[in-house]
Amino acid sequence: MKKLIYFSIGIIVVLFCAPIATFAQEKPIVIGAPLATAFLYGWDAERGIKLAADEINTAGGVNVAGKKRLLKIEVIDTRDLEPGVPVADALLAVEKLILEKKADFIVGGPVRSEAALAAMDLLSKHKKISILTTGVLTPAYSKRIAENYGKYKYCFRNSSEVPPMMGDFMALLEDLHKTKGFNKAYIMVQDVAHARAGGEYMKKALSEKKWEVVDMKIYPTGTTDYSQGLIDSGKKGAQILFLWMDMPESAALLQQWSNMKLKSLPMGFMNAAEQPGFWKATGGKGEYMIVNLVNGGNAPAKITPWTMKFVEAYKKKWGLEPEGYGTSSSYMAVYQLKDAIERAKTTESDAVIAALESQDFMGVYGRMRFDKKTHQIIHSWDPKEGAVTGMIQWQAGKRVQIFPPKVAEGKILLPPWMK
Amino acid sequence: MEIIIYGIINSIILSLMALGFTLVYSIARVPNFAHGALYITTGYITWILLNKLTGFPYPLAIAIAICVTAVIGALIYRFILIRVRGMEISEIIATYAIGLAILEGLRWGGLRGGTFTLPPFISGSVQLFGVSVDYQRLLIVGIGIVTFACLYLFTHFNRVGLALRGIAQDERAAMMLGIDSDMTAIVSLAIGSGLAGFAAILLLPLGNIIVEVGYNVLIFAIAVCVIGGLGSWGGTILASFIIGFAQILTEAFLSTHYQMVVALFAIIITLLIKPSGIFGKQKELEERV
């Protein structure tokens with residue numbers, strides 16, 4: 001009888017201890033992701049972050065001083081890419097992640113430059129480390145960190161910014177100048193701050209390199225007819241159409257360009273042309289468009305051994321290729337945090353900052369290293385030296401990496417009517 | 001020459017955008033602020049039929065989408081507007097709220113990004129007096145003119161059309177002759193919404209099906225109607241040509257980024273000089289001013 005009682009007690013203890021053991025599991029590390037989820041640069045970042053977190057959790061989680069902690073992702077819609085939504089709304093979203101969702105780290109946005117710059121003070125106030133991965137291209141972000149390191153040391157950016165992007169474009173254009181003899185460019189940009197600034201920057205840079213910028217047109221958001229500008233570019237003999245637009249309607253520009261068979265090659269920063277669905281959406285009229293995806297890995301390419309693994313994992317989880325700017329960098333940021341936390345052996349901010357500053361490993365789009373002063377990812381044309389860009393050209397329905405030369409998988413093709 | 005050709009195209013596009021809005025206002029006296037939302041809804045329904053049902057015929061998808069939009073318009077009147085009819089502020093709030101709910105609902109439901117497009121009816125372009133014009137734009141001009149003609153014939157020689165005009169001219173007198181005011185309003189909402197959908201089918205192949213386009217279409221429709229005179233068919237067409245050419249001229253000789261400003265500036269000028277619009281019949285408004 002006694003044996004039966006002891007056996008029963010033993011069974012009860014085992015049954016009760018199992019759930020207790022589960023409950024006693026380490027507290028998850030909460031990653032807050034403030035993103036404009038209704039827009040490409042928001043939803044692709046969300047998918048990248050969730051993919052990385054799933055992979056890490058499946059492998060057992062993050063090893064914090066010998067204890068395995070899982071990652072928990074909290075996404076909040078900042079709506080900061082929607083017209084008319086004030087910056088304050090994005091800040092409230094970030095604060096909600098920190099105060100209500102108890103985020104240990106911030107990854108992703110805010111996506112709009114103005115909102116991200118304003119959020120820096122908030123991150124500093126709450127001593128929360130943030131890795132900016134999408135949207136924001138302004139050099140003002142890294143400049144502010146360098147100028148006031150003590151205050152803004154919590155802010156990092158693992159994505160590229162305007163100056164290196166322009167350097168990439170200029171190198172590509174110089175190559176076209178040498179190989180094809182191109183020397184006339186026509187700039188068409190959207191009437192938003194970053195696009196106007198990008199257009200002006202290119203105008204100046206091209207003029208300094210002896211290119212003739214025959215005109216620059218600024219289009220209001222929502223424009224679907226670019227005929228006058230395109231006809232004008234043809235009359236003025238432009239060989240390059242430099243575009244900087246983040247509105248979906250800009251796909252219409254390429255349709256008109258293709259219909260008119262203009263003797264110019266379109267290239268630039270164009271949201272509509274980033275997504276894998278662009279080809280179908282334009283009925284192939286966007287062929288030959290050269291797009292800067294800001295970071296490598298946002299389209300299939302063999303940049304590092306990890307790039308195609310990421311692409312395949314993304315396809316498996318989400319059913320399509322990485323979609324555009326913000327995908328690979330958001331994925332990478334979670335791994336960067338994991339690496340830093342494991343080396344710091346804590347989630348405490350100062351220790352993780354030091355670990356991020358000394359970080360050096362091969363990621364999806366090259367060597368992942370932050371500049372110690374600006375906390376900006378170090379850019380390079382060689383993946384062994386730094387993070388490389390994702391410059392692609394649409395060729396026969398595929399996004400083909402054409403720059404930088406060390407990771408290029410194809411050459412620039414010209415439309416048949418240009419030959 | 002490109003200014004004349006693209007000026008005409010742009011003008012026809014604007015008048016197609018505004019046609020449904022004008023029709024509803026001229027007959028039911030309802031400013032349908034859900035007009036832009038119905039425009040996008042038609043495009044989205046067509047896209048779904050074409051992309052989710054393999055091999056679905058394009059013309060059938062178009063017909064179904066326009067019919068569904070027309071039914072939605074009729075239902076909006078039958079279940080919502082009928083209760084606030086005659087109270088213009090309430091009508092504006094109700095229709096704007098419906099439009100907002102539809103557009104943001106579509107966004108929430110997945111209408112995001114630049115991959116939602118409709119194929120052009122005919123791909124390619126042609127040189128017209130030395131100016132390259134794509135076939136879709138030429139079709140828009142042709143179909144637009146035919147649409148205006150059909151609407152004229154419908155409202156002048158068809159019993160339903162004559163009833164609609166009767167209500168538009170004098171509602172009480174028309175009711176005394178046995179014309180059902182509410183039924184006429186339902187029909188006008190259905191036709192107006194169908195026209196918004198018809199415009200969408202013609203114009204969306206030039207761009208993308210995105211929520212923001214719905215808001216833009218509403219702005220342009222209002223601009224055209226305010227300048228032409230609310231409820232005036234002739235005014236709508238004339239105002240479309242004024243704004244259409246003004247935009248093209250602005251783009252050619254001033255700067256492209258003032259295109260949108262042109263329409264808004266024209267509204268302000270019209271309201272200052274002739275508040276009822278070029279062919280507006282709201283004399284009392286002029287007298288008050």
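Helices (H or I, at least four residues) and strands (E, at least two) are DSSP runs, numbered from the N terminus. By that rule, chain A has 14 helices and 16 strands.

This is a predicted model, in which local features need pLDDT of at least 70 and side-chain atom pairs count only at pLDDT 80 or more, while totals for chains, interfaces and linings use all residues. Residues are numbered from 1 along each chain as its sequence is written, and chains are lettered from A and ligands numbered from 1 in the order in which they are written.

**Chain A as a whole**

The radius of gyration of chain A, taken over C-alpha atoms, is 24 Å, close to the 22 Å that the globule rule (2.2 Å times the number of residues to the power 0.38) gives for 419 residues, so chain A is as compact as a globular protein of that length. Along its principal axes, the C-alpha trace of chain A spans about 100 × 45 × 40 Å. Of the 419 residues in chain A, 54% are buried, where buried means that 20 or more other C-beta atoms, placed from the backbone, lie within 10 Å of the residue's own.

Chain A is divided into domain 1 (29–160 + 302–368) and domain 2 (163–293 + 390–418), with bounds that come from an automatic or database domain assignment. The C-alpha centres of domain 1 and domain 2 of chain A lie 29 Å apart. Contact between these domains takes 13 residues from domain 1 of chain A and twelve residues from domain 2 of chain A, two residues being in contact if their C-beta atoms, placed from the backbone, lie within 7 Å.

**Two open sheets in chain A**

Strands of a sheet pair through backbone hydrogen bonds, either parallel or antiparallel. Two strands are taken to pair here if DSSP finds at least two bridges between them. The table sets out the two sheets.

| Strand order (chain A) | Pairing | Edge strands (chain A) |
|---|---|---|
| 4-1-5-6-7 | parallel | strand 4 (71–77) and strand 7 (155–157) |
| 9-8-10-11-12-15-16 | mixed | strand 9 (212–219) and strand 16 (398–403) |

In the sheet of five strands, the twist averages 20 degrees from one strand to the next, with axes taken as lines fitted to C-alpha atoms (for helices over the stretch in contact) and angles running from 0 to 180 degrees between N-to-C directions. Strand 6 (residues 129–132) and strand 7 of chain A pair in the parallel sense over three bridges, and A:Leu132 stands opposite A:Arg157 in strand 7 of chain A. Helix 13 (residues 327–344) of chain A lies across strand 1 (29–35), strand 4, strand 5 (105–108) and strand 6 of chain A, and runs at about 155 degrees to strand 5 of chain A.

In the sheet of seven strands, neighbouring strands are turned by 25 degrees against each other on average, direction ignored. Strand 11 (residues 265–270) and strand 12 (residues 290–292) of chain A run parallel and are joined by two bridges, with A:Met267 opposite A:Ile290 in strand 12 of chain A. Helix 7 (residues 162–180) of chain A lies across strand 10 (240–245), strand 12, strand 15 (391–395) and strand 16 of chain A, and runs at about 155 degrees to strand 12 of chain A.

**Where chain B touches chain A**

Between the chains, 31 residues of chain B are in contact with 30 residues of chain A. Among the elements of chain B that give two or more residues to this side are helix 1 (2–28) and strand 2 (131–134).

Notes. Buried ≥ 20, exposed ≤ 12 C-beta atoms within 10 Å, placed from the backbone.
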